Amino acid sequence: MSEMLLEVRGVTKRFGGFTALDGVDLVVRPGERLGLIGPNGSGKSTLVNCICGALRNEEGVIRFEGRDIGAQPTHRRTRLGVARSFQIPKPFVSMSVLDNLRIPLLYAARQHEKLATDRVADEAMRILRQVGLADKAHARSSGLTQVDMRKLELARAMAAKPKLLISDEAMAGLSASEVDDILALLSRLKQQGVAVIMIEHVMRAVMKFSDRVAVLVTGRKIADGDPQSVVANTEVIKAYLGEQ
Amino acid sequence: MSNRAFAAVAFAIALAIAAASQLIANEFFFSAAYTVLLYVILATAWNILGGYTGYVNFGSAAFFAIGAYTTVALFYAFKAPLIVTIPAGTAVAGLAGLGLGYLTLRLRGVFFAIASLALAVVLFTFVVNWDFVGGARGAYVMQPSEVPFGLKRYIHLLFAIEVLMAAAALVIARAIETSTFGRGLAAIRDDELAAESAGVPTLKLKIISATVSGALMGMAGTTFPYYLSYIEPSSAFSLSYAVNSIAMPLIGGMMSWMGPLIGAVLLGTVQQLVQVTISSAWNLLIVGVLLVLFVTLAPNGIMGWVEAWRRRRNS
Amino acid sequence: MEFPTALLLNAIIAGLLLGGFYAAVSVGISISFGMLDVVNIAHPAFIILGAYISYIVNTHYGVDPIAVSLLLSPLFFLLGMALYRVYYLCFEKRGQESLRGLAFFFGILFITEVALILIFGVDYRTVKTAYADTTLRLGVVDFPLRLVVPFLVSMAMVVGIQLFLTHTFFGRAVLAVAQDQLALRLMGVNPVRIKELAFALSIATAGVAGAFLIVIQPVEPSIGREYIGLVFAVCVLGGMGSIWGTLLAAFVLGLAESFTSTFFGPSWAPAVSFGLLLFALAFRPAGLFGR
């Protein structure tokens with residue numbers, strides 16, 4: 001059991017009379033790449049919100065590195081090593097691109113990496129180079145293109161030095177080459193030993209990236225395993241006609 | 001410029017102003033300047049929670065009055081001098097900020113704003129019913145006959161204290177702005193959920209911000225009972241404090257310590273002139289109209305214009 | 001000691017009558033804040049404005065203030081539309097509702113109060129109605145008509161609004177816009193227009209409530225501020241956007257104030273509504289990340 005980085009067991013989340021998540025089980029091992037797919041409204045973002053603490057699940061338990069984090073506020077979970085990007089990018093608009101990264105570096109990364117305050121800018125630049133935003137370091141974060149905003153979202157999550165990074169539809173609406181950009185970015189995380197949950201509708205990216213694929217339909221997990229067998233699963237095909 | 005250097009410069013300027021003031025013969029200057037400086041402190045304090053953190057406080061009058069009435073209460077109970085009542089009033093107001101923050105900052109910003117207004121009304125009712133500090137009739141706090149430091153009149157001392165307090169407030173605001181704490185506040189202001197997800201302990205930082213903001217607003221009120229030697233609830237809790245502490249940072253610019261200073265000096269001076277030439281009701285109307293105009297048309301204030309102009313020049 | 005039955009019964013009746021009035025005062029906020037999520041802190045300003053306008057017409061022409069307010073409610077409706085246009089263009093569209101929107105409405109509240117001070121001064125104003133001095137008596141209980149008449153009209157107004165919201169297309173569109181704007185757009189309805197009209201309705205109710213206010217008690221410009229806590233307390237306690245909830249919460253508040261006034265003295269009454277608000281916020285928080 002201690003091999004599991006993230007353990008989601010029997011998580012149920014209701015909004016009034018509507019059940020968004022119904023007894024969902026999910027595990028992620030250290031360094032693993034998990035693709036999470038499912039039709040719109042199937043509960044993927046709700047699950048992410050429960051894992052990260054933006055929402056509280058009514059039933060079930062969420063364990064990270066063996067510890068129950070259900071009572072922890074979001075910022076503590078980030079400090080423990082769970083970072084996420086937002087489906088609709090939420091940059092800190094009054095700050096430059098580089099300053100956006102200072103926040104997670106100062107508040108989250110410090111927990112597992114001794115980072116002196118004067119080294120923060122250097123570390124931020126290093127991450128920006130990794131994602132290809134180095135030339136925009138001092139640009140205002142409010143005027144970026146779509147793909148750059150997505151990169152900033154992911155860069156900000158990476159700057160928290162997580163052990164698990166959840167990427168929430170970072171590729172939605174992007175062109176093929178932009179998708180490849182993001183894909184390369186996420187793939188590099190594997191080298192750093194960071195586990196990734198990729199939530200996407202772009203099937204070719206999911207297939208290329210994932211070690212394992214899980215499928216969520218109307219709040220229930222209907223498949224979980226090797227990518228090839230999951231997409232061949234008749235129930236999956238029935239419930240969710242993927243793209244590409 | 002480091003914070004220490006800035007502090008040294010600020011206090012040096014403050015002392016210089018206090019000393020130079022002895023050359024001024026016009027006594028009206030002192031009461032007008034005292035009021036303007038009071039607003040510098042109030043606006044700077046408000047902006048720590050308002051502009052830096054993004055939470056609107058409608059109850060500035062409550063914190064101001066806490067500072068004022070702490071002075072009154074301690075004066076009546078122990079004949080406490082200003083050197084005691086200033087830190088005491090600041091501390092009590094800080095506690096009020098802490099309490100209000102702890103109760104309501106978990107919720108949406110609008111609830112904090114309404115609760116702050118509620119605090120002002122509740123406190124006002126409480127003070128009106130509290131006979132020890134004079135209740136609705138008001139309280140008298142006599143200025144000491146001996147003025148220390150060889151100053152000519154007591155109002156000169158009050159002026160000097162206000163200048164130093166204003167310097168202190170500006171130093172604190174600037175120190176916050178450039179610190180890690182200040183970056184965290186800015187993240188909360190820009191996007192609280194994203195800040196929380198980036199590891200910022202949003203509730204803790206908000207509460208600290210509310211405490212500091214409340215404390216400094218209280219500090220602004222601690223010398224007020226001596227200003228007219230008399231204080232009563234309606235003037236201590238005047239709506240003018242609430243609207244000015246919002247209008248001044250808004251007009252000056254809410255992103256930096258310079259905004260509230262500019263806003264307070266400009267708007268404060270205009271008000272002193274209008275009040276004397278026209279009336280105080282018209283004065284307040286002008287402030288209200290300026291507030292609405294700026295918030296709809298120029299929400300980044302004067303500093304925003306400067307920034308935009310600078311950016312256009314560089315591009 | 002003799003149980004103060006008469007006192008108690010009168011406190012209850014006064015509380016209920018007052019509660020009916022509070023419902024009229026708060027139903028607008030239930031719409032603008034509870035359903036549309038617009039933090040119109042200036043709502044009480046329009047109540048006071050309505051009170052003064054009724055006062056002017058009543059003083060010059062002798063017409064009953066409540067009748068005046070109902071006749072003039074279209075004016076308030078239009079005023080509400082204009083106000084929402086400005087709010088939408090400057091704030092909601094730019095996605096900066098919270099801080100700037102709050103400051104904006106606070107400015108409006110403030111300007112209204114000061115303008116009224118400049119025009120009317122700070123003296124209390126009252127109106128003359130046919131029933132102002134009449135009090136019905138049933139056993140030991142008093143029913144002052146100056147409370148009863150506003151109560152009845154208020155009930156009619158609140159029930160009317162609830163029926164309107166649940167039984168007309170426009171009304172149901174308002175309920176829908178609170179929940180899912182996208183779906184509404186897909187149905188071909190412009191949510192902005194719906195919100196604008198709903199907001200206008202909320203301001204219209206404020207104008208009418210103003211007439212109730214000045215019938216019940218003398219009015220001066222600054223009392224608007226005391227009602228801010230009241231209307232938001234009622235809205236939050238009532239469940240944010242439920243008209244029946246607002247009605248119930250209004251009665252609770254009316255009773256609480258009546259009891260406080262009767263047994264502890266009237267000078268503590270303003271603190272009651274705000275105290276209840278703090279209580280409501282502590283135990284019914286809408287929460288920061290979810291509603």
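Start by selecting chains B and C of this predicted model. Where they meet, 37 residues of chain B are in contact with 36 residues of chain C. Now keep just chain B's side of that meeting place. Helices H4 (82–104), H5 (109–128), H12 (239–252) and H14 (280–297) of chain B each supply at least two residues to it. Colour H5(B) brightly: with twelve residues, H5(B) gives the most to the side that touches chain C. If you colour by residue type instead, this side of chain B splits into 28 nonpolar, seven polar and two charged residues.

Next, click on B:Leu291. Leaving out residues up to four places away in sequence, B:Leu291 touches B:Val243, B:Ile246, B:Ala247, B:Leu250, C:Ala103 and C:Gly107. B:Leu291 also belongs to the largest nonpolar core, which has 288 residues. Show B:Ile41, B:Leu42, B:Ala65 and C:Leu277 too, since together with B:Leu291 they have the most contacts inside that core.

Stay in chain B and go to B:Thr202, in helix H9 (residues 202–221). Is B:Thr202 buried or exposed? B:Thr202 has 24 C-beta neighbours inside 10 Å, so B:Thr202 counts as buried. Among the residues B:Thr202 touches are B:Ile188, B:Glu192 and, from another chain, A:His75. For a long view, add B:Tyr76: from B:Thr202 it is 126 residues away in sequence and 40 Å in space, C-alpha to C-alpha.

Over to chain A. Pick out the open sheet of four strands, ordered S2-S1-S4-S5 with antiparallel pairing. Its edge strands are S2 (18–28) and S5 (67–68), each pairing on one side only. Zoom in on S4 (residues 59–64) and S5 of chain A, which pair over two bridges; here A:Phe64 stands opposite A:Arg67. Then turn on helix H1 (residues 44–52) of chain A, which packs on the sheet and touches S1 (6–15), S2 and S4. The direction of H1(A) makes about 65 degrees with that of S2(A).

Last stop: helix H5 of chain A, residues 146–159. Put a distance label between its end C-alpha atoms: they are 20 Å apart, which agrees with the 20 Å that 14 residues should span at 1.5 Å a residue. Eleven of those 14 residues are buried, so H5(A) is largely enclosed by the rest of the structure. The buried ones include A:Asp148, A:Leu152 and A:Met158. What do the buried residues of H5(A) pack against? Select strands S6 (82–84) and S7 (164–168), along with helices H3 (97–107), H4 (120–131) and H6 (176–191), of chain A to see. Finish just past the helix at A:Lys161, whose phi is positive, near 50 degrees.

Methods:
Residues numbered from 1 in each chain as written. Chains lettered and ligands numbered in written order. Predicted model: local features only at pLDDT ≥ 70, side-chain atom pairs only at ≥ 80, totals over all residues. Contact = placed C-beta atoms within 7 Å. Nonpolar A, V, L, I, M, F, W, Y, C, P; charged D, E, K, R; others polar. Expected span 1.5 Å × (residues − 1). Buried ≥ 20, exposed ≤ 12 C-beta atoms within 10 Å, placed from the backbone. Core = buried A, V, L, I, M, F, W, Y, C linked by C-beta atoms within 7 Å. Pairing = 2+ DSSP bridges. Axes fitted to C-alpha atoms, helices over the stretch in contact; angles between N-to-C directions.
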